[in-house]
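Visitor: I would like a close look at one part of this structure, with its surroundings explained step by step. Please keep to plain terms.

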Amino acid sequence: MIGKIIKLTGGFYYIKSGDEVFETRARGNFRHSKVEPIVGDDVEFKYEEKTLGYIEKVYPRKNMLTRPRVSNVDLALIVIPVLDPKYNLVIIDKTIIQAEHEGIDLAIVINKADLDSESAEELARIYKNSGFETFVISDKDDNIENLRAYLHGKTVALCGVSGAGKSTITSRILNKEVEVGKVSEKTKRGKHTTRHTEILYNDDIYIFDTPGFSSLTLKIEEEDLKNYFREFKNFNTCKFNNCNHIKEPKCAVKDAVDRGEIEKSRYENYLYIFNELKEKGEY
Ligand SMILES: Nc1nc2c(ncn2[C@@H]2O[C@H](COP(=O)(O)OP(=O)(O)OP(=O)(O)O)[C@@H](O)[C@H]2O)c(=O)[nH]1
Ligand SMILES: [Zn+2]
């Protein structure tokens, strides 16, 4: 049988095949592969009611996140609350860099727009102008149809700080009750988060109910950082073709910042992160 691992908990894998979910044992059950199956994997498995089944084969992964350990993510949806908690654009841009680095498509959701609609529009402008699909939503408004349509057919990792509204969005998108606040309790205690990873789904949208890869450190060379700022690529006429867009003369990126064609906050965060990488080799 063929299916997708949707949950790993207490020593069992739960595999969704068609409309059914099968429970299989986690240990000693994948004979022909040395790969340890993780949530998100597409697998071949044998199912027997008595002994439960076992996984025979893990299909090659499109990609993999390490925290949480999940595979085959089609989209990282980065959730930015306008307030409560107040967003931090350096952390947002670092999360974007991580997704770009992993080769995962990403989109932005500005959430809690009801708390400050002006800030919400300002944030949306920054990320739209920087080349990202951007949605503005609030749980006080019935305005998620566009977002839901966009997520159709995708496996989505919601990324964002605790309290950003990830669980709220998940339950609205999937039309399902999701325990709001549950993940943060687990995260605070720490130990449960690695034991239990689950994909929530409805119809053909799959969502990871985890904090996403917000707390990863990334090791990249500072010279490579510019490759993860997609809007910089529109301005490729710098005098030096290895220009880092810092202090070099005749820099097309800096000129674009001066003209307002590249968002100031994005460029400032680029400089900040560049220096961090230069000093520490990671962030
Ligand atoms: N005003 C307002 N509050 C919201 C909105 N969306 C979520 N909230 C509230 O924000 C709080 C946090 O929401 P959650 O959905 O639990 O946030 P989370 O990102 O899942 O947080 P963790 O589970 O800790 O990672 C809850 O009290 C929600 O009711 C919104 O659009 N507007
Ligand atoms: Zn340049």
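In which loop does Glu-263 lie? Please start there and work outward.

Guide: This is a predicted model. Glu-263 lies in the loop between helix 6 and helix 7. With a relative accessibility of 8%, Glu-263 counts as buried, because the cut-off for buried is under 20%. Leaving aside neighbours within four places in sequence, Glu-263 is in contact with Arg-125, Ile-126, Asn-129 and Ser-130. Ile-126 is also one of the residues through which helix 2 meets helix 1.

The next element along the chain is helix 7, residues 264-280. Helix 7 has 17 residues and reaches 24 Å from its first C-alpha to its last, which is close to the 24 Å expected at 1.5 Å a residue. Just after helix 7, Gly-281 takes a positive phi of about 75 degrees.

Which residues of helix 7 are buried? They are Ser-265, Arg-266, Tyr-267, Asn-269, Tyr-270, Ile-273, Phe-274, Glu-276 and Leu-277. A general point about helices helps in reading such a list. An α-helix has 3.6 residues a turn, so residues three or four places apart point the same way. What covers the buried residues of helix 7 includes helix 1, helix 2 and helix 6.

Arg-266 deserves a separate look. Arg-266 is buried, with a relative accessible area of 1%. Side chains of opposite charge can pair when their charged atoms come close. The side chain of Arg-266 meets that of Asp-93 in a salt bridge, at 2.7 Å from N to O. Asp-93 lies in helix 1 and Arg-266 in helix 7, so this pair ties together parts that are 173 residues apart in sequence. Asp-93 counts as buried, since its relative accessibility is 0%.

Arg-266 has a salt bridge with Glu-231 too, at 2.8 Å from N to O. Here the link runs from helix 7 to the loop between strand 13 (205-208) and helix 6, and the two residues are 35 apart in the chain. Glu-231 is buried as well, with a relative accessible area of 4%. Through shared partners, the salt bridges join Asp-93, Glu-231 and Arg-266 into one network.

Asp-93 leads on to the packing of helix 1 (residues 89-102) with helix 2 (residues 117-129). On the helix 1 side, the contact is made by Leu-89, Ile-92, Asp-93 and Ile-96. On the helix 2 side, the residues are Leu-123, Ile-126 and Tyr-127. By type, the residues of this contact divide into six nonpolar, no polar and one charged. The two helices pack at an angle of about 30 degrees, with their axes 14 Å apart. The crossing of helix 1 past helix 2 is right-handed.

Now for helix 6 (252-258), another element that covers buried residues of helix 7. Val-253 is found in helix 6. At 0% relative accessibility, Val-253 counts as buried. Not counting residues up to four places away in sequence, Val-253 touches Phe-232, Phe-235, Cys-238, His-245, Ile-262 and Tyr-267. Tyr-267 is among the buried residues of helix 7. The C-alpha atoms of Val-253 and Cys-243 are separated by 9.3 Å, and these residues are 10 apart along the chain.

For a salt bridge elsewhere in the chain, take Asp-74 and Lys-62, with the closest N and O atoms 2.6 Å apart. Asp-74 is in the loop between strand 7 (69-71) and strand 8 (75-81), while Lys-62 is in the loop between strand 5 (54-58) and strand 6 (64-66). The two residues are 12 apart in sequence. Asp-74 is partly exposed, with a relative accessible area of 22%, whereas Lys-62 is exposed, at 56%. The structure holds 15 salt bridges.

Finally, the setting. The chain has seven helices and 13 strands. Of its 283 residues, 51% count as buried. Among contacts between residues at least 6 apart in sequence, 66% join residues at least 24 apart. The pairing of Asp-93 with Arg-266 joins parts of the chain 173 residues apart.

How values were computed:
Residues are numbered from 1 along each chain as its sequence is written. Chains are lettered from A and ligands numbered from 1 in the order in which they are written. This is a predicted model: local features need pLDDT of at least 70, side-chain atom pairs count only at pLDDT 80 or more; totals for chains, interfaces and linings use all residues. Side-chain values use heavy atoms; hydrogens and water are left out. Axes are lines fitted to C-alpha atoms, for helices over the stretch in contact, and angles run from 0 to 180 degrees between N-to-C directions. Helices (H or I, at least four residues) and strands (E, at least two) are DSSP runs, numbered from the N terminus. A crossing is left-handed if the near helix is turned anticlockwise from the far one by less than a right angle, and right-handed if clockwise. Contact means heavy atoms within 4.5 Å. Ala, Val, Leu, Ile, Met, Phe, Trp, Tyr, Cys and Pro count as nonpolar, Asp, Glu, Lys and Arg as charged, and the others, Gly among them, as polar. The expected span of a helix is 1.5 Å times one less than its number of residues. Buried means under 20% relative accessible area, exposed over 50%, partly exposed in between (1.4 Å probe, protein chains only). A salt bridge is a side-chain nitrogen of Lys or Arg within 4 Å of a carboxyl oxygen of Asp or Glu.
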